[in-house]
Amino acid sequence: MTATNPSAEAPPGTLESIAAAHGGSDPDLRLRKYAAMRQTPFSFMRGACQLFYASLPQVVTLSGAPPAWLCGDLHVENFGTYKGDNRLTYFDVNDFDESALGPVTLDLVRFLASIQIGADEWGVSPEDVESLVHRSLVAYSTELSLGKPSWIERESARGTVKRLFAQVAGRSRSELLSRFTTRKGKRRRLVIDGRQLLNATPEERVGVEQMMSTIAELARDTEYFRVIDVARRIAGIGSIAFPRYVALVEGRGSPDRNVLIDVKMAHRSAIATLRAHGQPHWQDEAHRIVAVQRHSAVVAPAFLFAAAWDGAGYCSREMQPQEDRVRLHDWEKQPKKIGEAIVLMASVAAWLHLRGGGWLGSAPIEQLSAFGRETSWRDPLIELARDAAERTQQQYREFSKGYDDGYFNPAATS
């Protein structure tokens, strides 16, 4: 395919910004990510977090709110269930790659925009979307004003969240091992399917073994984290272009008590880079992610640690399938169920911000609570989210044309 010159047709910076954000990443993984982003406007938004924040206006609604520890990529599919390091199941925000200290409205504008961007994909009418955005903001403000973070109990969960609890709580490690590994006698190997798991190079295996050794020291259990096999992992959208691995480790014994550990390279937060100042000093980006998640989540996921290899920080956690995240398109054209789930997420977001209250530069809980009681910022924030959603839709159209015209084809642009 012969490339056109899409940069002359699109508003300056849209395609170039996307390409620049992935400079230096693995070319094959980068193309996989662009293909995933091309699917829908919502998948594009998930893969273009930096562009989203770079495109927001500099207004007091987004800069003058109290600072808190943010998820940084708060959209409706970054919530899910997981097993904590106490082996109990929790529902919470489950992605802290973009976490940073910043005004709470930065998380909220992305969350509200994600509702509007995904609505057509889920079969939700414009009227229901408008109501849902308002209800979500009221739920967030109400929980923030109470000043007491809570959490979702398995017994009280409803709808898709209840299903996710049952899915995770009822799944044994043996079932997960059977899905991603093959067994020969008393030894397991990862199944390289070319879709979720790819072959790792000898150098990558050495690097993962080095990181597992670091984690073993932190966990004080050398034998548990002894590496049996390593593969590259493809999961999500936002992090596809950057190194990610799964390590099959000894656990409590081969073959059926082995454990799968997800190891993902950490990158600098888009919010910290573009929208927020006064960040604490971290040893590296992985230590930022782990520290914020440990402090802000209800309970830390199992095996959440930071390690380093080849000059970069990596975060580990117990591997989970992608379907443990909320997937609203499973409820297509069921606006009542979708609405219940999203309003619950808004409450979870407020609890997240409250848990970090007063920690490392965050506003104290009293200030966050007072902000929740205010109403003057709500309508301006909804308008900003509406504008951000429309802008993202336009950027998606520009990206899709550039993608289809071969802009991101290395052979066409070399």
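## Helices across the sheet

Helix 11, residues 202-219, lies across strands 7, 8, 9, 10, 11 and 12. Helix 11 runs at about 140 degrees to strand 11. This is a predicted model.

Helix 10 covers residues 173-180. Helix 10 lies across strand 7, strand 9, strand 10 (257-265) and strand 12 (312-318). Its angle to strand 10 is about 65 degrees.

## The sheet itself

The sheet is open and has six strands, in the order 7-8-9-10-12-11. The pairing is antiparallel. Strand 7 (197-199) and strand 11 (305-309) stand at the edges. Each has a single partner strand, so one side of each is left without a neighbour in the sheet. From one strand to the next, the twist averages 40 degrees.

Strand 8 spans residues 227-233, and strand 9 spans residues 244-253. Five bridges pair them in the antiparallel sense. Here alanine 231 stands opposite valine 246 of strand 9.

## Nonpolar cores

The largest nonpolar core holds 84 residues. Phe91, Phe111, Ile342 and Met345 have the most contacts inside it. Helix 14 (residues 335-355) gives the largest share of this core, 12 residues. Another core, of 22 residues, lies apart from it. Met211, Ala247, Val259 and Ala302 are among its members.

Take phenylalanine 111. Beyond its neighbours within four places in sequence, phenylalanine 111 is in contact with Leu74, His75, Val76, Phe79, Ser136, Ile342, Met345 and Ala346.

## Helix 8 against helix 14

The axes of helix 8 (residues 126-146) and helix 14 come within 8 Å. They cross at roughly 30 degrees. Angles under 35 degrees count as roughly parallel, and helix 8 and helix 14 are therefore roughly parallel to each other. Their crossing is right-handed.

Both helices supply residues to the contact. From helix 8 they include Leu132, Ser136, Ala139 and Tyr140. From helix 14 they include Gly339, Ile342, Val343, Ala346 and Trp351.

## Backbone details in the loops

A cis peptide bond joins serine 254 and proline 255, with omega about 0 degrees. Proline 255 is found in the loop between strand 9 and strand 10.

Two arginines have positive phi. Arginine 87 has phi near 70 degrees and sits in the loop between strand 2 (79-83) and strand 3 (89-93). Arginine 87 is partly exposed, at 33% relative accessible area. Arginine 220 has phi near 55 degrees. The loop between helix 11 and strand 8 holds arginine 220. Its relative accessibility is 78%, so arginine 220 counts as exposed.

Terms used:
Residues numbered from 1 in each chain as written. Predicted model: local features only at pLDDT ≥ 70, side-chain atom pairs only at ≥ 80, totals over all residues. Heavy atoms only, no water. Pairing = 2+ DSSP bridges. Helix = DSSP H or I, 4+ residues; strand = E, 2+ residues; numbered from the N terminus. Axes fitted to C-alpha atoms, helices over the stretch in contact; angles between N-to-C directions. Contact = heavy atoms within 4.5 Å. Core = buried A, V, L, I, M, F, W, Y, C linked by side-chain atoms within 4.5 Å. Buried < 20%, exposed > 50% of the residue type's maximum accessible area, 1.4 Å probe, protein only. Parallel < 35°, antiparallel > 145°, perpendicular 65-115°, else oblique. Left-handed = near helix turned anticlockwise from the far one by under 90°.
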